[in-house]
Amino acid sequence: MQSFTLQQLADHLGLTLSAGSEAPVQPELMISGLGTLESAESGEISFLANSSYQKYLPDTKASAVLVKPEHACLSPVTCLVTDNPYVAFARLSQLFDPVRMERAQIHPAASIHHDAVLGEGVTVGAGAVIEAGVMIGKGSVIEANSVIGKDSVLGHDCHIFPNVTIYHGVSIGNSVRVHSNTVIGADGFGFANEKGKWIRIAQLGSVIIGDFVEIGSNTNIDRGALDDTVIGSQVIIDSQVQIAHNVRIGDGCAIAGCTGIAGSARIGNYCMIAGAANIAGHISLCDGVTITMCTSVTKDITEPGIYSSGTLMMPNRHWRKNVIRFSQLDQLAKRIRQLEKEAASHKTSR
Amino acid sequence: MQSFTLQQLADHLGLTLSAGSEAPVQPELMISGLGTLESAESGEISFLANSSYQKYLPDTKASAVLVKPEHACLSPVTCLVTDNPYVAFARLSQLFDPVRMERAQIHPAASIHHDAVLGEGVTVGAGAVIEAGVMIGKGSVIEANSVIGKDSVLGHDCHIFPNVTIYHGVSIGNSVRVHSNTVIGADGFGFANEKGKWIRIAQLGSVIIGDFVEIGSNTNIDRGALDDTVIGSQVIIDSQVQIAHNVRIGDGCAIAGCTGIAGSARIGNYCMIAGAANIAGHISLCDGVTITMCTSVTKDITEPGIYSSGTLMMPNRHWRKNVIRFSQLDQLAKRIRQLEKEAASHKTSR
Amino acid sequence: MQSFTLQQLADHLGLTLSAGSEAPVQPELMISGLGTLESAESGEISFLANSSYQKYLPDTKASAVLVKPEHACLSPVTCLVTDNPYVAFARLSQLFDPVRMERAQIHPAASIHHDAVLGEGVTVGAGAVIEAGVMIGKGSVIEANSVIGKDSVLGHDCHIFPNVTIYHGVSIGNSVRVHSNTVIGADGFGFANEKGKWIRIAQLGSVIIGDFVEIGSNTNIDRGALDDTVIGSQVIIDSQVQIAHNVRIGDGCAIAGCTGIAGSARIGNYCMIAGAANIAGHISLCDGVTITMCTSVTKDITEPGIYSSGTLMMPNRHWRKNVIRFSQLDQLAKRIRQLEKEAASHKTSR
């Protein structure tokens, strides 16, 4: 279990320690974990980011808290004052992440082609397969049973978790993390139809991924047909996401789980796509668009803002009645129009 | 091919054999498989669970049938009488399941860390990787190319199919089956945003799974942020399911394919979630809730019952008209209100 | 990089070369790639399939183009005239697909059971596991870390990409391609409930797949309960698709990404299922059905045509108002009926 003194944590964040209302500054206090204000125990550090949790601050058992300036005076324990306690908490959390593997080791059961080039301090797990022509930057980790296809290039400090498949010729930037059983660079879904038979269009493009990208598990990002599929930098992608061929995703986007993005869609910068959304092929989203959960996007979006589709959940008995009415909606609208006509003619005739 | 005498099957189920209307009791008859009343052949056993299949009973070619007491008199062949023929059928089906591997063997191409502890009779397939500190209970099977991360614990009689990834520190109970390419314990999707940059929140919780849990293929269950993601006992989870960080699922739930459950959602006991449903983050479902196919759950459910959302399929031409009206629905409702006002004023004026 | 003379490409397609308006026929010209009319460079071949791109033909930098007879006179460069330029383009694209592996090699780090039978020229990658009784037809490729379960049979010229899992007893035809991390033959989701406990129904059927089938990544096709799950020939299946037990899919179907097909559904021949559609269990679709994106199919379809469900995306503020009205739709319909009654009685009374 990693542990750090409060002073070490403050230094890591570039913050200073302040006394709490019931405790002096204790720079040498050992901190061995993080917790919420409610759950943290002695020896742990907590945070107050959202004012609605303020009520838990006076009684917290945490040994220290990350707080905004306006909450510092309320803390019973040592505090670290910052404008963004949630970001500070995120930074600290990484310090306590257990190391999964011995670093800078090549497991004897890995299969590494003699034409692959591995940077300094690269770790390769058991059963991992690195094909010919692959280049992997320094400090990157390729975990057990992952496969890196011919001529693919990974930057430095990447982390490829177990059982990932990266196809040939894929280009991945620095500090990219790819979770297990995700597939990058498989063929896009492209076929021509000749009299009922599907003729495969070889997918000759590739996938290009920027820096500081996070990709969840069981996700897939397909290679392009002629051009490439492109993911910007600072993009976070959850699990069970499908990104089809020739999609382009701008910088800083967040894409939640179970979402599908069809071929050649373009997503601007800093878009937020909630879970189980689906974006049709060849659609463009401008920068700063938010798509809510389960929304189906079938036309371009040219103005930033929040967009939705679907209907709200209700008891099934209630839903059945309404959903049948939905099937009659055009008729209902015409009946309203008819009533309006009659009312108008009635008024005229009066 | 396994085969058993009718008497052995009766003993396995704790039932007695009864004569059919056209056949004496034949305890020594060999049974080598199962089939439906329509498809079963001689030497196979069938079942009648749902009365709507009763019409097939008189002409079945099965050598024996599992029936409810009220159907026993209708069976032409030897029958085993039970209140729940479908459950009896399920139990028998397991007897005929072919064994996939030689049990209690460690394949020489497996990579097992010397600090891992394997119980008696554990089977490990080729290419499987068992990291340091792992404990695996007796009789469990880890199939080819699966990876069990550092310090994870599996109970007895578990079956991990090929290419599964279980991350570090995961806790799995007894008799849990996990199908191929499923991922348990990958990082939850947690990030803080600092001026457009995503700062990863290390996911320091884990995943805890109870006993007798069945998990399909290409599913993922993410580890918790600070606390754990928890799956109860006797839970069945289908394929392509996403269960996000800090979700809690009670005992006895069934979750069908393509469903997504977002972060910190709580599902009570004995809930049934149909396919392609999506449950928003931080939502609670009480015990005994049924969610129908493709439903989007965006608020708490506090009463047991059946809940739905969405619209019904119809011919596209018809749908296009109705769906445009849906976009005008608030206006339509206002026009109805206006007509009502006019009608009321008309009545008054009359 | 592969390259071919124009004459070789023409011969491959069975077409003849025609002069362009600004260039003579150059049968010896080397072609090293493909591109769109806009993006192609000298030394590449392009195509004009859709008249809306005709405007790019006069200025294309491609060295040759595939065109329909009516466009031949417009081409500045050498052209190959064909009724279906898109199909011709698809055929050529396959020539330029880089070979991922050295063919006809068995990697020393593969685990192949001595009872498996591999045809002539079969390639097996590092870490791949071929279990007992498996038969693989000539020229097939099993890539790294894929697992082929006991007694499964693959035809000739199949390509199994890395980290695929094929369970025991699965039957796959000729020229079938399966992309990474896909699972074929895992247990269907079948359980009987006995007083709140789920009793597993062993899935004793298998999966049978025809010829020339393409399957994307992270897809799963479950084995049948008693009978088999059956996929016809010339079927194309995208990524993140779930096909449940006992589903039957006819020939020539296309199934796009994120789609779920529940147990025992029957899909006719030449159906097109768009992305993120869901088809309920035991549903039948006749031949020639098209299902649009995100549609939920909950009843049989007996007439070919296009079918849809769902609602259109709109700005969230607008959607919120309409979606609340949807919850009142049955009441709104009753209010229209009431207005009509009043109007009718008014007419009568007049």
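Here is a walk through this structure, from the arrangement of the chains down to single residues.

Keep in mind from the start that this is a predicted model. Let's begin with how the chains relate. Two copies of a chain are related by a rotation about an axis and a shift along it. Take chain A and lay it on chain C: a turn of 120° with a shift of 0.0 Å along the axis does the job, and the RMSD is 0.1 Å. The two copies are thus related as by a three-fold rotation axis. Laying chain B on chain A also takes a turn of 120° and a shift of 0.0 Å along the axis, with an RMSD of 0.1 Å.

Now zoom in on one chain. The domain assignment splits chain A into domain 1 (4-95), domain 2 (111-307) and domain 3 (320-349). If you go from the C-alpha centre of domain 1 of chain A to that of domain 2, you cover 37 Å.

A residue you may want to look up is A:His245, since the UniProt record, an unreviewed entry, annotates A:His245 as "active site". Where does A:His245 sit in chain A? Look in the loop between strand S28 (242-243) and strand S29 (248-249). Is A:His245 buried or exposed? Its relative accessibility is 14%, and buried means under 20%, so A:His245 counts as buried. Neighbours within four places in sequence aside, the contacts of A:His245 include A:Gly188, A:Phe189 and A:Gly190, then A:Asp222, A:Arg223, A:Gly224 and A:Ala225, and also A:Gly263 and A:Ser264.

Another loop worth a look is the one between strand S27 (236-237) and strand S28 (242-243) of chain C, where you'll find C:Ser239. With a relative accessibility of 1%, C:Ser239 counts as buried. Who are its partners? Leaving out residues up to four places away in sequence, C:Ser239 touches A:Asn220, A:Asp222 and A:Gln242 in chain A, along with residues of chain C, among them C:Gly216, C:Ser217 and C:Cys258. C:Ser239 and C:Cys258 are 19 residues apart in sequence, yet their C-alpha atoms lie 6.6 Å apart in space.

On to the charged residues. Side chains of opposite charge can pair when their charged atoms come close. Over all chains, the structure holds 27 salt bridges. One of them pairs C:Asp330 with A:Arg325, at 2.7 Å from N to O. C:Asp330 belongs to helix H4 (residues 329-349) of chain C and A:Arg325 to helix H3 (residues 316-327) of chain A, so this pair joins two chains. C:Asp330 is buried, at 9% relative accessibility, while A:Arg325 is partly exposed, at 21%.

Over in chain A, A:Asp330 makes a salt bridge with A:Lys334, with 3.1 Å between the closest N and O atoms. An α-helix has 3.6 residues a turn, so residues three or four places apart point the same way. A:Asp330 and A:Lys334 are four residues apart in helix H4 (residues 329-349) of chain A, which means about one helical turn separates them. A:Asp330 is buried at 8% relative accessible area, whereas A:Lys334 is partly exposed at 42%. Helix H4 of chain A also holds A:Arg337 and A:Glu340, three residues apart and separated by about one helical turn. Their side chains meet in a salt bridge at 3.3 Å, N to O. Elsewhere, salt bridges that share partners tie A:Asp97, A:Arg177, A:Glu214, B:Asp187 and B:Arg200 into one network.

Finally, two helices show how burial is laid out. In helix H3 (residues 316-326) of chain C, the residues C:Asn316, C:Trp319, C:Asn322, C:Val323 and C:Phe326 are buried. Seen down the axis of H3(C), these buried residues fall within an arc of 125°, so they line one face of the helix. Turned away from that buried side is a face with the exposed residues C:Arg317 and C:Arg320.

The other helix is H2 (residues 85-95) of chain B, whose buried residues include B:Val87, B:Phe89 and B:Leu92. What do the buried residues of H2(B) pack against? Within chain B, they pack against helix H1 (6-13), strand S4 (33-34), strand S5 (44-48) and strand S6 (64-67). Chain C contributes strand S21 (191-194) and strand S22 (197-200) to that packing.

Terms used: Residues are numbered from 1 along each chain as its sequence is written. Chains are lettered from A and ligands numbered from 1 in the order in which they are written. This is a predicted model: local features need pLDDT of at least 70, side-chain atom pairs count only at pLDDT 80 or more; totals for chains, interfaces and linings use all residues. Side-chain values use heavy atoms; hydrogens and water are left out. Copies are superposed by least squares on the C-alpha atoms of residues with pLDDT of at least 70 in both. UniProt positions are given in the numbering used here, feature names are shortened, and annotations may be inferred rather than shown by experiment. Buried means under 20% relative accessible area, exposed over 50%, partly exposed in between (1.4 Å probe, protein chains only). Contact means heavy atoms within 4.5 Å. Domain bounds come from an automatic or database domain assignment. A salt bridge is a side-chain nitrogen of Lys or Arg within 4 Å of a carboxyl oxygen of Asp or Glu. The arc is that of the directions from the helix axis to the C-beta atoms.
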